[in-house]
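Student: Pick one part of this model and give it a slow, close look for me, please. I'm new here, so tell me what the words mean as you go.

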Amino acid sequence: MTAAPFVVIKDVAKRWNGQLGVEGISLDIPEGSFTALLGPSGCGKSTTLRLLAGLEHPDEGAIFIDGKDVTTSAASDRNLSMVFQSYALFPHLSVAENVVFGLKVRRVPKAERQQKLHRALEITGLLGYENRKLGELSGGQRQRVALARAIVAGQRLCLMDEPLSNLDAKLRNSVRKDIKKLQRDLGITVVYVTHDQTEAMSMADTVVLMKDGHIQQVGPPQDLYNKPNNTFVAEFVGAPPMALIEAAGLNGYEIGQTLGIRAENIEIVAKGKGRMTCTVSESEFLGSETLIGLEHDRATGLSVLKPGMAMMPEGQIVDIDFHNDSLHVFDGAGHRMTAQG
Ligand code: ADP
Ligand code: MG
């Protein structure tokens with residue numbers, strides 16, 4: 001017998017005065033998994049999370065947590081912890097008081113509180129800040145307090161909305177790993193909102209990519225990368241994003257189709273030996289390789305990676321080549337076509 005998924009979102013829609021928030025949202029989230037809701041600003045990530053949290057209620061559909069229909073229940077009845085952009089912290093309390101607030105309410109013994117507090121502050125890099133008042137902290141530090149509070153809450157379901165957005169790049173990288181490790185170690189279920197595809201791809205077991213209030217694709221990161229459902233997914237996932245080429249003029253493909261190709265599958269070849277002739281638009285040294293941006297009037301996002309430091313002058317004309325097997329074929333509506341070599 002297979003148990004029902006820990007969280008089930010079933011055909012949920014939310015509108016404000018007829019204006020679309022999200023629509024047709026269905027998701028099964030297994031216990032102990034890490035799900036990232038990914039997509040550009042305004043696509044409905046936060047709305048979906050707030051519906052799951054009970055901070056909003058859907059106009060259509062149903063939400064189940066741990067087998068219980070919570071569609072109309074209050075946030076406080078859903079046994080979950082939250083780390084949101086608009087973190088509800090108490091400015092007049094200290095860091096330590098904020099972090100253990102929920103534990104105190106639940107009358108967790110002091111020794112256990114202290115131990116959990118220490119661990120949470122360690123993870124979030126806040127040791128030494130115990131007695132600071134919230135009002136004396138930077139945005140990034142407050143964000144870490146919110147994270148620490150969710151960590152000590154010990155709920156099985158934790159919802160996070162862009163919890164790293166105010167951190168600097170270095171800290172973001174390390175806290176990202178800490179959150180992931182913590183989620184695995186504790187076996188908690190995390191639903192994590194981000195607009196940053198690197199964050200989603202590196203942390204999540206399942207990525208849910210959204211656009212204009214609708215889900216575009218659900219799957220493990222490698223599926224979104226290797227088998228994008230449509231041209232939107234192709235261009236959103238991966239750094240650099242997939243290049244899109246009008247099929248017209250390329251052997252074996254039909255007018256109206258769009259071909260997708262990734263930088264790692266393109267090479268610069270000798271003049272006259274390539275399938276397309278492009279103009280170098282920029283060179284970006286990334287450390288271990290150099291990303292060469294290319295322009296062509298029937299393509300967008302073309303680029304090629306060269307090992308090491310390999311800048312090329314802007315305006316240089318180059319021929320590029322690629323194999324048909326590394327092409328992704330999309331139909332006239334931008335949907336992935338299944339039959340391809
Ligand atoms: P994201 O988190 O992906 O940036 P949101 O879920 O916040 O996007 O918003 C999705 C859409 O719903 C947007 O068009 C936004 O303007 C709208 N929306 C969100 N919250 C409200 C609200 N309280 N009232 C009216 N419209 C809202
Ligand atoms: Mg948001």
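Tutor: First, a word on names: helices (H or I, at least four residues) and strands (E, at least two) are DSSP runs, numbered from the N terminus. This is a predicted model, where local features need pLDDT of at least 70 and side-chain atom pairs pLDDT 80 or more, while totals for chains, interfaces and linings use all residues. Residues are numbered from 1 along each chain as written, chains are lettered from A and ligands numbered from 1 in the order written, and side-chain values use heavy atoms, without hydrogens or water.

Let's get our bearings. The protein has 8 helices and 19 strands, and its C-alpha trace spans about 75 × 45 × 45 Å along the principal axes. Of its 341 residues, 48% are buried (buried is under 20% relative accessible area, exposed over 50%, partly exposed in between, with a 1.4 Å probe and protein chains only).

The part I'd pick is helix H5, together with the hollows around it. H5 runs over residues 169-186. The helix has 18 residues and reaches 26 Å from its first C-alpha to its last. Which of its residues are buried? In H5, these are Val-175, Arg-176, Ile-179, Lys-180, Leu-182 and Gln-183. Looking down the axis of H5, you'd find those buried residues within an arc of 165°, so they line one face of the helix (the arc is that of the directions from the helix axis to the C-beta atoms). An α-helix has 3.6 residues a turn, so residues three or four places apart point the same way.

Now turn to the other side of H5, where Lys-170, Lys-177, Arg-184 and Asp-185 are exposed. What do the buried residues pack against? Their partners are strand S3 (34-38), H3, H4, strand S7 (157-161), strand S8 (189-194) and helix H6 (197-203), with contact meaning heavy atoms within 4.5 Å. Just after the helix ends, Gly-187 takes a positive phi of about 65°.

Next come the hollows. All of them are found on a 1 Å grid over the protein atoms alone: a cavity is a set of points where a 1.4 Å probe fits but cannot get out, a pocket is an open set with protein on both sides within 12 Å along at least five of seven lines, and lining residues have an atom within 4 Å of a point. Points are joined across faces, edges and corners, and a volume is the space filled by probe spheres set on the points.

H5 shows up at the second largest pocket, which has a volume of about 280 Å³. There are 15 lining residues, and Arg-119, Ile-123, Ile-151, Leu-182 and Leu-186 are the closest to the centre. Helix H3 (110-123), H4 and H5 each give two or more residues to that lining. Sorted by class, the lining has 7 nonpolar, 3 polar and 5 charged residues (Ala, Val, Leu, Ile, Met, Phe, Trp, Tyr, Cys and Pro count as nonpolar, Asp, Glu, Lys and Arg as charged, the others, Gly among them, as polar).

There are closed spaces too: the count comes to 2 cavities of 30 Å³ or more. The largest cavity holds about 50 Å³, and H4, S7 and H5 each supply at least two residues of its lining. Ile-179, Leu-182 and Gln-183 are among its lining residues, along with Leu-147, Ala-150, Ile-151, Cys-158 and Met-160. By class, that lining has 9 nonpolar residues, 1 polar and no charged ones.

The second largest cavity has about 30 Å³ of space. Leu-186 helps to line it, and so do Ser-81, Ala-150, Ile-151, Gly-154, Gln-155, Cys-158 and Ile-188. Its lining has 5 nonpolar and 3 polar residues, with no charged ones.

Finally, step over to the largest pocket, with about 660 Å³ of space. Strand S6 (80-83), helix H2 (95-105) and helix H4 (139-153) each supply at least two residues of its lining. Of the 26 lining residues, Leu-80, Ser-81, Met-82, Arg-149 and Ala-153 lie nearest the centre. The classes there are 16 nonpolar, 6 polar and 4 charged. Notice how H4 turns up again: it contributes to the linings of the largest pocket, the second largest pocket and the largest cavity.

Terms used: Expected span 1.5 Å × (residues − 1).
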